[in-house]
Amino acid sequence: MTPDQIRLVQDSFREIVPIRVAVAALFYERLFAIDADLRALFPVTDMTKQGAKLMASLGFVVHGLERADTILPTVRVLARRHVNYGVEERHYPIVGQALIETLAAGLGTAFTPAVREAWEAAYGLLASVMIAAAREDQLAA
């Protein structure tokens with residue numbers, strides 16, 4: 001990611017923070033609309049708490065983008081935990097689509113093509129690290 005892309009992601013995330021509860025709810029609504037089978041990964045989960053976890057994780061990643069090497073170990077641990085929840089590699093593009101659609105709705109006209117591209121780059125980085133960590137875990141098993 002370029003420094004400009006990092007700035008765009010961080011600036012746009014600051015716009016989302018005040019409406020984070022609604023954004024998190026919209027994310028899961030979009031996720032389950034894209035693939036209803038993913039609802040099974042959240043069998044008895046309090047979706048409000050789950051949304052708060054999502055937003056906290058996003059905040060952690062967004063604020064760590066300038067020093068990605070310091071957050072990647074935590075991202076790898078998160079990936080391994082997600083494998084235990086039943087997350088598969090094929091789910092990552094679906095999550096990415098739901099995230100981008102959610103950000104587009106939440107940011108409205110502020111979700112410019114440059115902001116979209118920056119978020120796609122950020123998610124691409126995150127997803128690639130998580131997928132690699134999950135693969136390593138599977139190979140070690």
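A salt bridge is a side-chain nitrogen of Lys or Arg within 4 Å of a carboxyl oxygen of Asp or Glu. The model used in these exercises is predicted.

**Exercise 1. A bridge between α2 and α5**

Task: Decide whether the side chains of Arg-30 and Glu-101 meet in a salt bridge or not, then place both residues.

Solution.
- Step 1. Take the distance. Arg-30 and Glu-101 stand at 2.6 Å, N to O.
- Step 2. Apply the cut-off of 4 Å. The two side chains meet in a salt bridge.
- Step 3. Place the partners. Arg-30 sits in helix α2 and Glu-101 in helix α5. They are 71 residues apart, and the pair links distant parts of the chain.
- Step 4. Check accessibility. Partly exposed covers the range between 20% and 50%. Arg-30 has 27% relative accessibility, so it counts as partly exposed. Glu-101 has 28%, so it too is partly exposed.

**Exercise 2. Two bridges to α6**

Task: Find which residues Glu-136 and Arg-135 pair with in salt bridges.

Solution.
- Step 1. Start with Glu-136. Its side chain meets that of Arg-80 in a salt bridge of 3.4 Å, N to O.
- Step 2. Locate this pair. Glu-136 belongs to helix α6 and Arg-80 to helix α4, 56 residues apart.
- Step 3. Classify both. Glu-136 is partly exposed at 45% relative accessible area. Arg-80 is partly exposed at 27%.
- Step 4. Turn to Arg-135. Its side chain forms a salt bridge with Glu-89 at 2.4 Å, N to O.
- Step 5. Locate this pair. Glu-89 lies in the loop between α4 and α5, and Arg-135 in helix α6, so the bridge ties together parts 46 residues apart in sequence.
- Step 6. Classify again. Glu-89 is partly exposed, with 40% relative accessible area. Arg-135 is partly exposed, with 44%.
- Step 7. Add the network. Asp-4, Arg-7, Asp-11 and Arg-14 are joined into one by salt bridges that share partners. The structure holds 8 salt bridges.

**Exercise 3. The largest nonpolar core**

Task: Which residues touch the most other members of the largest nonpolar core, and which helix gives the most to it?

Solution.
- Step 1. Size the core. It has 42 residues.
- Step 2. Find the hubs. Leu-31 and Trp-119 touch the most other members.
- Step 3. List the suppliers. α1 (3–16), α2 (20–34), α3 (47–64), α4 (68–85), α5 (91–107) and α6 (113–140) each supply at least two residues.
- Step 4. Pick the main one. α6 gives the most, with 11 residues.
- Step 5. Trace Leu-31. Beyond its neighbours within four places in sequence, Leu-31 is in contact with Leu-38, Phe-42, Ile-94, Val-95 and Ala-98.
- Step 6. Set it in context. Nonpolar side chains tend to be buried together in soluble globular proteins.

**Exercise 4. The aromatic cluster**

Task: Classify the ring pairs Phe-27 with Tyr-28 and Tyr-28 with Phe-42 as stacked, tilted or edge-to-face.

Solution.
- Step 1. Recall the cut-off. Planes over 60 degrees apart count as edge-to-face.
- Step 2. Take Phe-27 and Tyr-28. Their ring centres are 4.9 Å apart and the planes meet at 80°, so this pair is edge-to-face.
- Step 3. Take Tyr-28 and Phe-42. The values are 5.5 Å centre to centre and 75° between the planes, and the pair is edge-to-face.
- Step 4. Place the second pair. Tyr-28 is in helix α2, while Phe-42 is in the loop between α2 and α3, 14 residues apart.
- Step 5. Test burial against the 20% limit. Tyr-28 has a relative accessible area of 7%, so it is buried. Phe-42 has 13%, so it is buried. Phe-27 is buried as well.
- Step 6. Assemble the cluster. Ring pairs link Phe-27, Tyr-28, Phe-32 and Phe-42. The structure holds 4 aromatic pairs.

**Exercise 5. The span of α4**

Task: Compare the span of α4 with the expected value, and name its buried residues.

Solution.
- Step 1. Count. α4 has 18 residues.
- Step 2. Compare. From first C-alpha to last it reaches 25 Å, close to the 26 Å expected at 1.5 Å a residue.
- Step 3. Name the buried residues of α4: Ala-68, Ile-71, Leu-72, Val-75 and Ala-79.
- Step 4. Look past the end. Gly-86 follows α4 and has a positive phi, near 105°.

**Exercise 6. The annotated range**

Task: What helix and strand content does the chain have over residues 1–135?

Solution.
- Step 1. Read the record. An unreviewed UniProt entry annotates residues 1–135 as "domain: Globin".
- Step 2. Give the content. Over residues 1–135 the chain is 78% helix and 0% strand.
- Step 3. Add the ends. The end C-alpha atoms of this range are 23 Å apart.

Terms used
Residues are numbered from 1 along each chain as its sequence is written. This is a predicted model: local features need pLDDT of at least 70, side-chain atom pairs count only at pLDDT 80 or more; totals for chains, interfaces and linings use all residues. Side-chain values use heavy atoms; hydrogens and water are left out. A nonpolar core is a set of buried Ala, Val, Leu, Ile, Met, Phe, Trp, Tyr and Cys residues joined through side-chain atoms within 4.5 Å. Buried means under 20% relative accessible area, exposed over 50%, partly exposed in between (1.4 Å probe, protein chains only). Helices (H or I, at least four residues) and strands (E, at least two) are DSSP runs, numbered from the N terminus. Contact means heavy atoms within 4.5 Å. The expected span of a helix is 1.5 Å times one less than its number of residues. UniProt positions are given in the numbering used here, feature names are shortened, and annotations may be inferred rather than shown by experiment. Rings of Phe, Tyr and Trp (its six-membered ring) pair if their centres lie within 6.5 Å; planes under 30 degrees apart count as stacked, over 60 as edge-to-face and the rest as tilted.
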